[in-house]
Amino acid sequence: MKGPKSQIEEYEKGKQVIHEQVFGGEKKIVLFNEDIYAEELVDSSFHVEAVHIQDIMIYLTANRGGVA
């Protein structure tokens with residue numbers, strides 16, 4: 001998901017983030033094993049999109065040694 005950096009940083013607290021990128025005032029994160037409910041996002045300016053399986057594998061293994 002991506003959106004305004006400050007809002008994403010508040011939303012991601014307590015969630016398992018496996019990848020993040022910051023572009024100016026926007027932040028993009030990839031969450032692992034987290035349920036996202038449409039009701040949570042109705043009043044937000046977040047954009048949710050799919051992640052390719054190849055990218056997920058890279059995120060899970062890069063700099064982490066895998067997920068235990």
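Is glutamate 9 buried, partly exposed or exposed, and what is its relative accessibility? Glutamate 9 counts as partly exposed, at 31% relative accessibility. The legends below describe close-up views of a predicted model.

**Figure 1. Lysine 5 and glutamate 9 form a salt bridge within helix H1.** The side chains of the two residues meet with a nitrogen-to-oxygen distance of 3.9 Å. Both residues belong to helix H1, where they stand 4 residues apart, about one turn of the helix. Lysine 5 is partly exposed, its relative accessible area being 33%. Glutamate 9 is likewise classed as partly exposed, at 31%. In general terms, side chains of opposite charge can pair when their charged atoms come close.

**Figure 2. Lysine 27 and glutamate 9 are joined by a salt bridge.** The closest N and O atoms of this pair are 3.6 Å apart. Because lysine 27 lies in strand E3 and glutamate 9 in helix H1, the pair ties together parts that are 18 residues apart in sequence. Lysine 27 counts as buried, because its relative accessibility of 5% falls under the limit of 20%.

**Figure 3. Lysine 27 and glutamate 12 share a polar contact between their side chains.** The contact has a length of 3.0 Å. Lysine 27 is part of strand E3, whereas glutamate 12 is located in the loop between H1 and E2. Glutamate 12 is buried, with a relative accessible area of 13%. When neighbours within four places in sequence are left aside, glutamate 12 is in contact with Val17, Glu20, Lys27 and Ile29. On the same basis, the residues in contact with lysine 27 include Met1, Ile8, Glu9, Glu12, Glu20 and Val22.

**Figure 4. Lysine 13 and glutamate 10 meet in a salt bridge.** The N to O distance between these side chains is 3.1 Å. Lysine 13 and glutamate 10 are both exposed. Elsewhere, salt bridges that share partners link Lys5, Glu9, Glu12, Glu20 and Lys27 into one network. The count for the model comes to 6 salt bridges.

**Figure 5. The largest nonpolar core consists of 7 residues.** Its members are Met1, Ile8, Tyr11, Ile29, Leu31, Leu41 and Phe46. Helix H1, residues 5-11, and strand E3, residues 26-31, are the elements that give two or more residues to this core. In soluble globular proteins, nonpolar side chains tend to be buried together. Which residues does phenylalanine 46 contact, leaving aside its neighbours within four places in sequence? Phenylalanine 46 is in contact with Met1, Lys2, Gly3, Gln7, Ile8, Tyr11 and Leu41. Among these partners, Met1, Ile8, Tyr11 and Leu41 also belong to the core.

**Figure 6. Glycine 24 occupies the loop between strands E2 and E3.** Strand E2 comprises residues 17-23. Is glycine 24 buried or exposed? Glycine 24 is exposed, because its relative accessible area of 68% is over the limit of 50%. The C-alpha atom of glycine 24 is separated by 9.3 Å from that of proline 4, although the two residues are 20 residues apart along the chain.

Note on methods:
Residues numbered from 1 in each chain as written. Predicted model: local features only at pLDDT ≥ 70, side-chain atom pairs only at ≥ 80, totals over all residues. Heavy atoms only, no water. Core = buried A, V, L, I, M, F, W, Y, C linked by side-chain atoms within 4.5 Å. Buried < 20%, exposed > 50% of the residue type's maximum accessible area, 1.4 Å probe, protein only. Contact = heavy atoms within 4.5 Å. Polar contact = N/O pair within 3.5 Å; in protein donor to acceptor, adjacent residues only side chain to side chain. Salt bridge = Lys/Arg side-chain N within 4 Å of Asp/Glu carboxyl O.
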